[in-house]
Every structure is written in structure tokens, then in C-alpha cells.
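Reader: I would like to go through this structure by question and answer. Where shall we begin?

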Amino acid sequence: MRSLLMKDLYCIRGYMKQMAFILLFMSVMAVVLRSPSLVCFFLVFACMSLVISCMSIDEKNKWERYALTLPIRKRDIVKAKYLLLLLMGAAAEILSILLNLLICVLFDSSGVQEAVVSSLVVFFVYFYIFSFTLPAVYRFGADKARYVMMAVVLIPTVGFSLLFRLFPQLENISVTSGNVFVLCALAAALAAVLYLISYHLSLKVYEKKEF
């Protein structure tokens with residue numbers, strides 16, 4: 001498992017310089033616009049997207065065909081990708097919270113709690129998106145799975161927009177500090193359930209796949 005993770009990290013190493021440059025640019029924009037969420041949106045999505053990029057590299061280089069000649073189980077290959085997704089997402093979330101806290105402390109100390117909550121919300125939203133996307137990558141390939149990702153993003157967005165138009169009173173619902181913890185806990189539980197379902201679905205698809 002460790003060797004599979006190291007291989008994936010080496011695959012995405014070439015993207016790190018680009019990400020560092022864009023992150024620096026987004027950080028400057030966040031400071032100028034006084035909007036820490038900009039960094040969060042970019043950082044979490046970019047880091048988790050590296051997993052799809054890694055799978056695309058494996059697909060183009062026919063790596064699975066070679067890997068299955070080694071004493072490696074298909075279960076281990078799928079597990080490594082999901083562990084990579086979890087590690088990249090967690091690392092991006094921690095860095096995002098730290099950057100948001102730094103910006104809030106420097107410019108708006110009253111928005112610290114809001115910055116942390118928004119970072120967690122972004123993390124959970126992207127976690128849901130990629131939990132749906134990874135099985136699609138194993139089923140259709142990395143390139144076609146991007147359309148699935150777009151659908152996963154657009155359908156809830158359009159749905160919530162219509163919901164708020166039909167029921168405008170929903171916009172007046174406020175989330176108090178007392179129930180923020182409960183909502184975050186529920187979101188984390190839902191993310192964990194979707195993560196496990198996504199893993200087993202991907203494993204089922206991958207085990208039937210022929211190379």
C-alpha cells in the first residue's frame with residue numbers, strides 16, 4: 001500500500017509547482033478582496049482533483065495492465081486511490097483553515113469562526129462530489145468521468161436555486177453557533193457513509209474490469 005501511494009505522489013509531483021504559483025496568486029486575491037473562502041475553494045478542489053489526474057496518467061500509460069502482473073490485488077489499487085483522496089483532502093483542508101485563520105486574524109478577527117465553518121463546508125461538498133466521481137472514473141475512464149463531475153456539481157446547484165426561488169423564506173434561515181457543531185457532525189457522518197459506498201462501488205466495478 002505504501003509503495004502504491006508513493007507511486008501516486010511521484011505522478012502528481014509535477015503539478016506541485018503550478019499549484020504553488022496559483023495558490024500564491026489566490027492568496028493575494030483573497031487578501032485584496034478580504035475573502036478567505038477563495039483560497040479554500042481553490043485549494044481543496046485542486047488537491048482532490050490531483051487524484052483524478054493521477055488516475056488519468058495511469059490510464060494513458062496502461063499502468064494497471066503492468067501492475068496486475070505484480071503481486072498486487074485490485075482491491076489494493078482501489079484502496080490506494082481512496083486513501084490518496086482522503087490524504088490530499090485532509091492536507092488541503094488543514095492548510096486552507098490555517099490560511100483562512102491567518103487572513104481573518106490579520107484583517108477581520110470577528111470572522112474566524114465563519115472562516116473555519118466555511119472551510120469545512122467546502123471540504124464536505126467536494127468530498128461528496130469526488131465520492132460520486134471516482135466510481136465513474138473506474139467505469140468510464142478519467143476523461144469521460146469529468147462530465148459526471150460536472151453533472152454532480154450542476155444538478156444540486158440548479159436544484160437548490162429552484163428550491164430557494166420556490167421557497168424564498170428558506171433564505172432567512174440562520175445557522176446559530178449552537179447548532180453548527182451538530183450540522184458539521186451530520187455532514188461528516190454523511191461524507192463517511194458516501195465515502196464507504198463509493199469505495200465499494202468502485203471496487204465492484206474495478207474487479208469486473210478487464211485489461
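Reader: Which exposed residues does helix 1 carry on the face turned away from its buried side?

Author: This is a predicted model, and helix 1 spans residues 2-11 in it. Its buried residues are L4, L5, K7 and D8. The face turned away from that buried side carries exposed residues. They are R2, S3 and Y10.

Reader: Within what arc do the buried residues of helix 1 fall, seen down its axis?

Author: The residues in question are L4, L5, K7 and D8. Seen down the helix axis, they fall within a limited arc, so they line one face of helix 1. That arc is 160°.

Reader: Is D8 buried or exposed?

Author: Buried means under 20% relative accessible area. D8 has a relative accessible area of 0%. K7 has 18%, so K7 counts as buried too. The word for D8 is therefore buried.

Reader: How many residues apart in sequence are the parts that D8 and K81 tie together?

Author: The side chains of D8 and K81 meet in a salt bridge, 3.3 Å from N to O. D8 lies in helix 1 and K81 in helix 5 (residues 74-107), so the pair ties together parts that are distant in sequence by 73 residues. Both partners are buried. The separation asked for is 73 residues.

Reader: What is the N to O distance in the salt bridge of K7 and D8?

Author: D8 also meets the side chain of K7 in a salt bridge. K7, D8, D58 and K81 are linked in a network of salt bridges. For K7 and D8, the N to O distance is 2.7 Å.

Reader: How many salt bridges does a search of the whole structure find?

Author: K7 and D8 form a salt bridge. D8 and K81 form another. R73 forms one with D76, with the closest N and O atoms 3.2 Å apart. A search of the whole structure finds five.

Reader: Is D76 buried or exposed?

Author: D76 is the salt-bridge partner of R73. The cut-off for buried is under 20% relative accessible area. D76 has 16%, so the term is buried.

Reader: Which residues does T133 contact, leaving aside its neighbours within four places in sequence?

Author: T133 lies in helix 6, residues 112-140. At 1% relative accessibility, T133 counts as buried. Leaving aside neighbours within four places in sequence, its contacts are I52, A145 and M149.

Reader: How far apart in space are T133 and S202, C-alpha to C-alpha?

Author: In sequence, T133 and S202 are 69 residues apart. In space, their C-alpha to C-alpha distance is 9.8 Å.

Reader: The backbone oxygen of which residue lies 2.8 Å from a polar atom of the S131 side chain?

Author: S131 is also placed in helix 6. S131 counts as buried, at 5% relative accessibility. Leaving aside neighbours within four places in sequence, S131 is in contact with L194, Y195 and S198. The backbone oxygen 2.8 Å from a polar atom of its side chain belongs to F127.

Reader: What accessible area do F181, V182, L183 and L186 have together?

Author: These four residues form a nonpolar patch on the surface. L183 lies in helix 8, residues 177-208. L183 is partly exposed, with a relative accessible area of 42%. Together, F181, V182, L183 and L186 have an accessible area of about 430 Å².

Methods:
Residues are numbered from 1 along each chain as its sequence is written. This is a predicted model: local features need pLDDT of at least 70, side-chain atom pairs count only at pLDDT 80 or more; totals for chains, interfaces and linings use all residues. Side-chain values use heavy atoms; hydrogens and water are left out. Buried means under 20% relative accessible area, exposed over 50%, partly exposed in between (1.4 Å probe, protein chains only). Helices (H or I, at least four residues) and strands (E, at least two) are DSSP runs, numbered from the N terminus. The arc is that of the directions from the helix axis to the C-beta atoms. Contact means heavy atoms within 4.5 Å. Patches are made of residues with over 30% relative accessible area and no salt bridge: like charges are joined within 9 Å, nonpolar side chains (Val, Leu, Ile, Met, Phe, Trp, Tyr) within 5 Å. Accessible areas come from the Shrake-Rupley method with a 1.4 Å probe; for residues, only the protein chains shown count as cover. A polar contact is a pair of N or O atoms within 3.5 Å; within protein, one must be able to donate a hydrogen and the other to accept it, and residues adjacent in sequence count only if both atoms are side-chain atoms.
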